[in-house]
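The following exercises are intended for a reader who has the sequence and the model at hand. Please attempt each task before turning to its solution.

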Amino acid sequence: MALQLWETLKEAITAYTGLSPAIFFTVLALLWAVYYVATGLFGSSDDHIHQRSTAFEEQMEPLPPPVQLGEITEEELKQYDGSDSKKPLLMAIKGQIYDVSQSRMFYGPGGPYALFAGKDASRALAKMSFEEKDLTGDISDLGPFELDALQDWEYKFMSKYVKVGSIKKTMVPVTEGDASGEASGAAETDTKQTEDGPSQTPVTESEEKSSPADTKEE
């Protein structure tokens, strides 16, 4: 029975395709191989695209609302440099702190401006510097052009990001030596005034003439 079916199949292949059974099955095997390779290539590409789209969707998840921090120190600001994904990404300009979490691709880890995060980068932004020494809020010796550039950055941050706090100003402590110096200076002044004594009113010429010592006895 099987032999009869094989003979019938060979006759049908020859009649409908004009090819011998051997050539027909060879061509069929080649087509199947091409289909397998093509499916593997395009299938893996589709998977890669799907993975990228999934990652992009995760990045586009709505961010939590900014949390107001009030006044914090520069040391406390360093905690918000993006190293902890559960904390907001913060950055300061001229002592004002902004939430830049929506621009994590720029200011987050691996971003082109990642070294500015968690710091007051006023000086670095004004000078467009990426040096460690310029990552500070000290702008006391900047020129007019640098201050204008910093002002542009500040306007950009004010219009795009939410202000969440400010950097607490550190008070310069008065040392004991300065206090004692001021006290000793005041004491010396008082002592000098005491030694000099009260000022005496000068005696005029008319008063000398009419003094009792010069009056004649009658």
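Some conventions come first, and the exercises with their worked solutions follow.

This is a predicted model, in which local features need pLDDT of at least 70, side-chain atom pairs count only at pLDDT 80 or more, and totals for chains, interfaces and linings use all residues. Residues are numbered from 1 along each chain as its sequence is written, and side-chain values use heavy atoms, with hydrogens and water left out.

**Exercise 1. The chain as a whole**

Task: State how many helices and strands the chain has, and give their pattern along the sequence.

Solution. Step 1: the chain has eight helices and four strands; helices (H or I, at least four residues) and strands (E, at least two) are DSSP runs, numbered from the N terminus. Step 2: read along the sequence, the pattern is α-α-β-α-β-β-α-α-α-β-α-α. Step 3: of the 218 residues in the chain, 20% are buried, where buried means under 20% relative accessible area, exposed over 50%, and partly exposed in between (1.4 Å probe, protein chains only). Step 4: among contacts (heavy atoms within 4.5 Å) between residues at least 6 apart in sequence, 53% join residues at least 24 apart.

**Exercise 2. The sheet**

Task: Determine the order of the strands in the sheet and which of them are edge strands.

Solution. Step 1: the four strands form an open sheet with mixed pairing, in the order β1-β4-β3-β2; two strands pair if DSSP finds at least two bridges between them. Step 2: β1 (70-72) and β2 (90-93) are the edge strands, each pairing on one side only. Step 3: on average, neighbouring strands of this sheet are turned by 40° against each other, direction ignored.

Step 4: take the pairs in turn. Strand β1 runs parallel to β4 (residues 162-167), with three bridges between them; G70 stands opposite G165, and the bridge partner of I72 is I167. Strands β3 and β4 run antiparallel and are joined by four bridges, with D99 opposite V162. Four bridges also join β2 to β3, again antiparallel, and here I93 stands opposite Q96.

**Exercise 3. Strand β2 and helix α6**

Task: Describe which way the side chains of β2 point, and which strands helix α6 touches.

Solution. Step 1: in a regular strand the side chains alternate between the two faces of the sheet. Step 2: in β2, L90 and A92 point one way and M91 and I93 the other, and all are buried. Step 3: A92 counts as buried because its relative accessibility is 0%. Leaving aside neighbours within four places in sequence, A92 is in contact with L77, I97, K119, D120, A121, S122 and I167.

Step 4: helix α6 (residues 144-160) packs on the sheet, touching β2 and β3 (96-99), and its direction makes about 135° with that of β2. Axes are lines fitted to C-alpha atoms, for helices over the stretch in contact, and angles run from 0 to 180 degrees between N-to-C directions. Step 5: E154 lies in helix α6 and, at 11% relative accessibility, counts as buried. Not counting residues up to four places away in sequence, E154 touches I93, K94 and Y98.

**Exercise 4. Positive phi values**

Task: Locate K94 and M128, and state whether phi is positive or negative in each.

Solution. Step 1: most residues other than glycine have a negative phi, and most peptide bonds are trans. Step 2: K94 has a positive phi near 55° and belongs to the loop between β2 and β3, a hairpin with two residues between the strands. K94 counts as partly exposed because its relative accessibility is 35%. Step 3: phi of M128 is also positive, near 50°, and M128 is found in the loop between α5 (122-127) and α6. With 45% relative accessibility, M128 counts as partly exposed.

**Exercise 5. A pocket lining**

Task: Name residues that line the second largest pocket.

Solution. Step 1: the lining consists of E74, K94, G95, Q96, D120, G137, S166, I167, K168, K169 and T170. On a 1 Å grid over the protein atoms alone, a pocket is an open set of points where a 1.4 Å probe fits, with protein on both sides within 12 Å along at least five of seven lines, and lining residues have an atom within 4 Å of a point.
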